[in-house]
Amino acid sequence: MANIQELIEQFESRYGASQAEVAVFHAPGRVNLIGEHTDYNGGYVFPAALTFGTTLLIRKREDNQLGLASTNFPAGKHISIEQVSYDEADDWMNYPKGIVNELHQRGVVFSSGYDLLYHGEIPNGSGLSSSASIEVVTAFALLSMEGQETNTVDIALLSQKSENEFNGVKCGIMDQFAVANGKKDHAILLMCDTLEYELVPFQSGSYKLVIGNTNKRRGLVDSKYNERRSQCEQAVAELRAAYPELTLLGQLTAEQFHEAKHLIQDDIVRSRAEHVVEEIARVLQSNEALRSNDLHKFGELMNASHDSLRNLYEVTGAELDAMVDAARQVEGVLGSRMTGAGFGGCTVSLVHEDQVEQFKQHVGERYTAATGLVADFYVCNIGNGVERLQ
Ligand code: GLA
């Protein structure tokens, strides 16, 4: 995590000194252990918060200006906190602006403006939820500074709404929920339709979660993501001939699905739906496996998840597949899969602690040989959700 004193100095050199106190907040990134493309289908997901994410320094102003700046980018600006609108040229700043807009819509009247300085530690475009991290830390910080209630389930929902409506990205609830509600050394078993959730201790003994970043630019993710969403809706519409009440694929058990899947005309749409119902079943089996300390079973489920995302949901792509294939060749790897939306981004693997160096070397070399790209690796510890640091 960043050195807070240094960040406060950067804050003051950017915004000047003042009597008002600088408060410091942090929201993590997330990794999804299993349960991919199930959230918008009302199914289960099993993510965990990372120990790194976005640190936000915030200080009250005397006027109604909102100062936005980041240690990661040179540009910053002041706008009126009362009037925020989307502007493509504002890039990452549209995430905090979306939150301010969403808070307005919920009737929050700001008592003043604020200066904000962000420090992001999540590699951009890595699929570890840098945008959700910015959204959630902004909402939590602004509500805290205004002395309002900071219910983290509510904050996840308003952050998702902001991303869907203000930023036009039709993501599900998983990322914002994990970033807002994570807990150190726990995974979150979340039912995305009802938002009921349980914190499950993640005890991996002598095994480590290792994240591999493909560093592949995730072009066209949004359009392919939205296409998958509509294919799932199409499957629901056709399955209603057998289950008239059906609104989301997550409401079907795998058995119910298999009895009725012949009703889906298009082979591709049927495969997408099959991935979703079976992936949901794998999340529940993973929960059982982790609770009974059966890491081998959990690793098998991770592998099955990736294979289904590759063959049925078709969201992996050459880079993620190359990295996963290389990972599975290393002794002491129990499972390896893509994590997040896919089409680039990261993989997550369960690796014996004695093999981590060997893993990085072997997978790094094989990955570069296969793709010409250079991978990064992070040994992952599970951290807390959004919190005030100081
Ligand atoms: C992205 C979205 C999530 C989820 C995953 C796929 O991370 O933001 O809502 O749909 O893809 O599981």
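Begin by selecting Leu-312, which, leaving aside residues up to four places away in sequence, touches Ser-271, Arg-272, Glu-274, His-275 and Asp-307. The model on screen is a predicted one, and this residue is a convenient place to enter it. Leu-312 is found in the loop between α9 and α10. If Ala-273 is added to the selection, the C-alpha atoms of Leu-312 and Ala-273 turn out to be 8.5 Å apart in space, although the two are 39 residues apart in sequence.

From the loop, move to the sheet on which the two flanking helices pack. Select β10, β11, β9 and β12, which in that order form an open sheet of four strands with antiparallel pairing. At the edges stand β10 (333–339) and β12 (376–380), and because each has a single partner strand, one side of each is left without a neighbour in the sheet. Neighbouring strands here are turned against each other by 25° on average, direction ignored.

Within this sheet, colour β9 (residues 207–213) together with β12, since the two pair in the antiparallel sense over five bridges. To follow one of these pairings at residue level, pick Asn-213, whose bridge partner in β12 is Asp-376. Now bring back helix α9 (residues 295–311), which packs on the sheet and touches β9, β10 and β11 (346–352), with its direction making about 35° with that of β10. Helix α10 (residues 317–328) also packs on the sheet, touching β9, β10 and β11, but its direction makes about 170° with that of β10.

Next, select the six strands of another open sheet, whose order is β5-β4-β6-β3-β1-β13 and whose pairing is mixed. Its edges are held by β5 (73–80) and β13 (387–388), each with a single partner strand, so that one side of each is left without a neighbour in the sheet. Inside it, strand β3 (residues 47–60) and strand β6 (residues 114–120) pair in the antiparallel sense over seven bridges, and Ile-58 stands opposite Leu-116 in β6. Helix α5 packs on this sheet, where it touches β1 (23–32) and β3, and the direction of α5 makes about 130° with that of β1.

Keep α5 selected and add its helical neighbour. The axes of helix α4 (residues 152–165) and helix α5 (residues 174–181) come within 8 Å and cross at roughly 145°, in a crossing that is right-handed. To display the contact, show the side chains of Thr-152, Val-153, Ala-156, Ser-159, Gln-160 and Glu-163 on α4, and of Gln-176, Phe-177, Ala-180 and Asn-181 on α5. By class, this contact between α4 and α5 has four nonpolar, five polar and one charged residues.

The last stop is the ligand. Select the residues around it, which are Arg-30, Glu-36, His-37, Asp-39, Tyr-40, Cys-171, Gly-172, Met-174, Asp-175, Tyr-225, Gly-340 and Ala-341. Three distances can then be drawn in turn. A polar side-chain atom of Asp-39 lies 2.5 Å from an oxygen atom of the ligand; an N or O atom in the side chain of Tyr-225 is 2.6 Å from a ligand oxygen atom; and for Gly-172 a polar backbone atom is 2.8 Å from an oxygen atom of the ligand.

Conventions: Residues numbered from 1 in each chain as written. Predicted model: local features only at pLDDT ≥ 70, side-chain atom pairs only at ≥ 80, totals over all residues. Heavy atoms only, no water. Pairing = 2+ DSSP bridges. Axes fitted to C-alpha atoms, helices over the stretch in contact; angles between N-to-C directions. Contact = heavy atoms within 4.5 Å. Left-handed = near helix turned anticlockwise from the far one by under 90°. Nonpolar A, V, L, I, M, F, W, Y, C, P; charged D, E, K, R; others polar. Near = heavy atom within 4 Å. Polar contact = N/O pair within 3.5 Å; in protein donor to acceptor, adjacent residues only side chain to side chain.
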